[in-house]
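I opened this notebook to keep track of what I looked up, one topic per entry.

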Amino acid sequence: MRNLLVLLSLLMFLSCTDKKTEKIKQRSHPSHVYTYSAIDTAKLNYFESDYVPVYSDIYFQDGTRRFHLTSTISLRNTSLQDSAYILSAKYYDSHGQTLKEYVDSTLLLLPLESIEFVVEDFELAGGVGANFIINWGAVNYSNQLLIQSIMIGTYGQQGVSFLSESKVIERNYRE
């Protein structure tokens, strides 16, 4: 009986986490560790907007069932010398409605550094036509950012994974 009380007390203690502890856990998750920058965007000479297709689910069988997917948006600075600055990353649903803003302050991406954003598999609002618009800049003209979305999901013994590349939708360069 005493062991049972000790076990129950331990379980209650472990299940009670305050919001501060939860935030610390979230920040230590690899998808949430970012370096923020206070750079004046007037110092940036190159700006780009990229469209990234994201599938929060796909249809299967007769088209009435949905296969839920976890999506990872990977941003990779391929430059050996120059930093990139992520100005915004917005997640949209199939109808073009903003669902979430992933960046609330300019993110610094050092040479060869990568970051990612994750859309969890239980997020159902995005749909098959979900997407991200990533706005970023650099000091010099560059084609340095590689942006991909990787989708993965499992259902029973079945697994699905695939990759999508971004598409540049706007470029601005000032000399």
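**Entry 1: a first hairpin.** I began with strand β2 (residues 57-60) and strand β3 (residues 65-68), which run antiparallel and are joined by four bridges. The model I am reading is a predicted one. For a single bridge I looked up I58, and its partner in β3 is F67. The two strands form a hairpin with four residues between them. In that turn, Q61 has a positive phi of about 55°.

**Entry 2: F67.** Since F67 had come up as a bridge partner of I58, I stayed with it. Is F67 buried or exposed? F67 has 3% relative accessibility; the cut-off for buried is under 20%, so F67 counts as buried. I then listed its contacts, leaving aside neighbours within four places in sequence. They are S56, D57, I58, F60, G153, T154, Y155, Q158 and V160. One of these, Y155, is 88 residues away from F67 along the chain, and I noted 7.6 Å between the two C-alpha atoms.

**Entry 3: S56.** The contact list of F67 includes S56, so I looked that residue up next. S56 is found in the loop between β1 and β2. Its relative accessibility is 0%, and therefore S56 counts as buried. Beyond its neighbours within four places in sequence, S56 is in contact with F67, H68, L69, S71, Y91, E123, G126 and G127.

**Entry 4: a second hairpin.** Y91 is among the contacts of S56, and I wanted to know what stands opposite Y91. Which residue of β6 is it? It is K100. The strands here are β5 (residues 84-92) and β6 (residues 98-101), which run antiparallel and are joined by three bridges. Their hairpin has five residues between the strands. G96 in this hairpin takes a positive phi near 85°.

**Entry 5: L112.** I also looked for a positive phi in a residue that is not glycine, and L112 has one, near 65°. L112 sits in the loop between β7 (107-109) and β8 (114-119). At 55% relative accessibility, with over 50% as the cut-off for exposed, L112 counts as exposed.

**Entry 6: an open sheet.** I traced a sheet of four strands and wrote down its order as β8-β4-β10-β11, paired antiparallel. Why do β8 and β11 (158-165) each have one side without a neighbour in the sheet? They stand at the edges and each has a single partner strand, so one side of each is left free of a neighbour in the sheet. On average, neighbouring strands of this sheet are turned by 15° against each other, direction ignored. Within the sheet I checked β10 (residues 145-155) and β11, which pair in the antiparallel sense over eight bridges. In this pair, I150 stands opposite L163 in β11. A general point I copied beside this entry is that in a regular strand the side chains alternate between the two faces of the sheet.

**Entry 7: the core.** The largest nonpolar core has 24 residues. Which of them touch the most other members? L75, I86, F117, F132 and I134 do. The elements that give two or more residues to this core are β1 (46-53), β4 (70-77), β5, β7, β8, β9 (131-138) and β10. For I134 I wrote out the contacts, again leaving aside neighbours within four places in sequence: E48, S49, D50, V52, L75, I86, S88, A89, F117 and I147.

**Entry 8: aromatic rings.** How many aromatic pairs does a search of the whole structure find? It finds seven. For F117 and F132, the ring centres are 6.3 Å apart and the planes stand at 5°, so this pair is stacked. F117 lies in strand β8 and F132 in strand β9, so the pair ties together parts that are 15 residues apart in sequence. Both F117 and F132 are buried. Ring pairs also link Y34, Y91, Y102, F117 and F132 into a cluster.

**Entry 9: the whole protein.** I left the totals for last. The secondary structure comes to two helices and 12 strands. From the N terminus on, the elements run α-α-β-β-β-β-β-β-β-β-β-β-β-β. The protein has 175 residues, of which 35% count as buried. Among contacts between residues at least 6 apart in sequence, 75% join residues at least 24 apart. The protein exposes about 11,100 Å², and carbon and sulfur atoms supply 54% of that.

How values were computed:
Residues are numbered from 1 along each chain as its sequence is written. This is a predicted model: local features need pLDDT of at least 70, side-chain atom pairs count only at pLDDT 80 or more; totals for chains, interfaces and linings use all residues. Side-chain values use heavy atoms; hydrogens and water are left out. Buried means under 20% relative accessible area, exposed over 50%, partly exposed in between (1.4 Å probe, protein chains only). Two strands pair if DSSP finds at least two bridges between them. Axes are lines fitted to C-alpha atoms, for helices over the stretch in contact, and angles run from 0 to 180 degrees between N-to-C directions. Contact means heavy atoms within 4.5 Å. Accessible areas come from the Shrake-Rupley method with a 1.4 Å probe; for residues, only the protein chains shown count as cover. A nonpolar core is a set of buried Ala, Val, Leu, Ile, Met, Phe, Trp, Tyr and Cys residues joined through side-chain atoms within 4.5 Å. Rings of Phe, Tyr and Trp (its six-membered ring) pair if their centres lie within 6.5 Å; planes under 30 degrees apart count as stacked, over 60 as edge-to-face and the rest as tilted.
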